[in-house]
Protein chains: 2
Amino acid sequence: MALVVQKFGGTSVADPDRMREVADHVARTRRRGDEVVLVVSAMGKETDELLHLASQVSRAPAGREMDMLITAGERKATALVSMALHDLGVAADSFTGSQAGFLTDTNHMNAKILEVRPDRLRQALNGGRVPVVGGSQGVSTERNVTFFGRGGSDTTAVALAHALGGVCELYTDVSGVFTTDPRVVPLARKLARVSFDEMLELCACGCPKPAMRAVEYARTHKVPLHVRSAFTWEPGTWIDEEDPMMEQAMISGVVGDASEAKITLTNLPDRPGIAGRLFRGLAARDVNVDMIVQNVSEGGATDISFTLPKDDLPAGREVSDALAAEIGADRVTSDDGIGRVSLVGAGMKSHPGVAATVFETLAANDINIEMISTSAIRISCIVREADLDRAVIVLHSAFGLDASLAGGTR
Amino acid sequence: MALVVQKFGGTSVADPDRMREVADHVARTRRRGDEVVLVVSAMGKETDELLHLASQVSRAPAGREMDMLITAGERKATALVSMALHDLGVAADSFTGSQAGFLTDTNHMNAKILEVRPDRLRQALNGGRVPVVGGSQGVSTERNVTFFGRGGSDTTAVALAHALGGVCELYTDVSGVFTTDPRVVPLARKLARVSFDEMLELCACGCPKPAMRAVEYARTHKVPLHVRSAFTWEPGTWIDEEDPMMEQAMISGVVGDASEAKITLTNLPDRPGIAGRLFRGLAARDVNVDMIVQNVSEGGATDISFTLPKDDLPAGREVSDALAAEIGADRVTSDDGIGRVSLVGAGMKSHPGVAATVFETLAANDINIEMISTSAIRISCIVREADLDRAVIVLHSAFGLDASLAGGTR
């Protein structure tokens, strides 16, 4: 008998019918002999609706009140799913994040877990009951309700699997993690296994699920994750530690991301402190800078380009314009027509030719590279947004990731 | 500077516009120099919607989960109203029932308050902030979320006014307590003042607002209530202790109620224990018996009639049919076409002719009386449901309650 933490997202609990399906899934898991802790998100689009309500009553809603408001969504879902379980004869109890023992800092809308004390969940489990826990929520050291942010339910599930000593299953509307977006590349393959490091890079490059923060938590605490479909029983993708005994696949996935923009400051004096001044200024405005590239200096002058989320472009542009004179830049330009294509694979560490193949493949397809950034297990290239999907397709094929016509997963 | 607990019902916080109006009302109260504690219900029809959702996932939802579900409604409202207050520059904090210090028994869907420890509200008040408290909710001695039942927000407000030492204002969609239902009798008058005892009788006779339980709490703890309109600033009705120095009005109100049915058991042996056996059986099935009348015995046999809510009629009929043979009844009949008209007034204690006037007035208008029940300050008559509105109108007029054409309240 194992303990399984099963997390179902908003789509999986969007209406009473879906909730009954989740309850049926849990009942079957229990019949197989496993103990279950269930984590649920708010129903369907409810979080968006609550945010919209808030925007109608206040221009700048306070974080404490936003958290009180938004967490009502998961609270509803836990109660309804518990009822659906009862109707199948499964004893179950709903728990808010606070009742489940999630103690957090006081950083509203983005609270961090300080400690998990799941005493009440253990009690329920010992009594043969299924605890149904509201995702993405806890109580702060100041005794206020806190919200972990969007996608925080994955983190709740991982943290509970760690605290209670169990396996973590993240149920989503896709059947696992794919070598690339199947909507762009129909020949994309589901990965049977991917390492924490690779998954983090895939998340950072724009892979939408699972939530990056949950993967980080799982990696730190060595909690294996199983990402799988809420609609079928087929195995999904296991996210786990790298197995040194196992030959690493060279490339695990190709990710395209069109959500960023680029700012360039040209002809800066090439002396210490310039970049620091610029990026300190951006950080002070909460601009999330992603890639940073500084070109080779010629004659004492240099250019700096960086990418940032399109939403942050106005603030990023403002900071850059304001600092341009002070740091001696000639000109500031911005560009929101870019796309980033990234290759991720633990195996590339021992295959030095990967970067060359990337550049050659893109060149052979007339796709121009505007920026390059690499880590030990990732290569990212900025291209025109219009070329992005094509870049993903040709790289996916060039690295042998396309599914054979016979199908099958790696 | 006084402390005022202001309670706004679901209609008053039904949408963002109404919430802003409530916030404006609170801001004005504060500018007058008063401290305010706000109690809010769930938005508009939200409680009904949550109940409907529950009925879709479960045939018989568990009380613990119903309470978790339903209290999410008030939670949302407290957060949104707090945000609306912030936008007017009023410092405010939302509080769940648990955070506000409502400790209750474990009787879900109908929890009773055991203790109120409003430490966090006092702290907020001392910091110059407005606490916005979710109505009708608390936390049980088993640390589960509890709901006081429909209309429980009034009780929350009264309990806070008592615990914090303040005045209690209940804002509704009517402008106070009337001598009768203005929809039935356009000449109904608003009462400036009514005693706790009279208000309790009015509630018991079908007057929908304020909630009877809140009036009981206020009466026990001597907390004056002010029932007033959420849409105007005009004074409403004060509910307070009877003032022995003041001449009591003979009749404070006339209430019609068509929500009950009647069961009659005929030709019972007139001996001790029969009625006890019957009403114990009804109580065991949670049938809420209201009026009970036993006719004068003739030749050792008697008839018993009682009224009960129409919803309880099937269960009441079942119990009566099952016991009929055992207790020796000839026949069981039921009737759901009845109406009850009630007169309430503290002054009738010293005016012995009231009952006679009631019977004469109804007879003069060809309205037949089927059952009569009285207390020190109330007379109720069961009539045909078809005659009910007419009975209210003629009694309202006969006791001089009709507003003069010049208008004005008592």
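Q: How many residues does each chain give to the contact between chain A and chain B?
A: In this predicted model, chain A gives 28 residues and chain B gives 28 residues. Two residues are in contact if their C-beta atoms, placed from the backbone, lie within 7 Å.

Q: Which element gives the largest share on the side of chain A?
A: Helix H3 (63-87) of chain A gives the largest share, 15 residues. Helices (H or I, at least four residues) and strands (E, at least two) are DSSP runs, numbered from the N terminus.

Q: And what kinds of residues make up that side of chain A?
A: They divide into 14 nonpolar, 6 polar and 8 charged residues. Ala, Val, Leu, Ile, Met, Phe, Trp, Tyr, Cys and Pro count as nonpolar, Asp, Glu, Lys and Arg as charged, and the others, Gly among them, as polar.

Q: How are the residues numbered and the chains lettered?
A: Residues are numbered from 1 along each chain as its sequence is written, and chains are lettered from A and ligands numbered from 1 in the order in which they are written. As the model is predicted, local features need pLDDT of at least 70 and side-chain atom pairs count only at pLDDT 80 or more, while totals for chains, interfaces and linings use all residues.

Q: New topic: where is Ser136(A)?
A: Ser136(A) sits in the loop between strand S6 (130-134) and strand S7 (137-140) of chain A. Its phi is near 65 degrees, a positive value in a residue other than glycine.

Q: Is Ser136(A) buried or exposed?
A: Ser136(A) is buried, with 29 other C-beta atoms within 10 Å. A residue is buried if 20 or more other C-beta atoms lie within 10 Å of its own, exposed if 12 or fewer, and partly exposed in between; C-beta atoms are placed from the backbone.

Q: What about Arg143(A), buried or exposed?
A: Arg143(A) is exposed, with 10 other C-beta atoms within 10 Å. Arg143(A) also has a positive phi, about 65 degrees, although it is not a glycine. Its place is the loop between S7 and strand S8 (145-147) of chain A.

Q: Which peptide bond to Pro210(A) is cis?
A: The bond from Lys209(A) to Pro210(A) is cis, with omega near 0 degrees. Pro210(A) lies in the loop between helix H6 (196-204) and helix H7 (212-221) of chain A.

Q: And in chain B, what is omega for the cis bond joining Lys209(B) and Pro210(B)?
A: There, omega is about -5 degrees.
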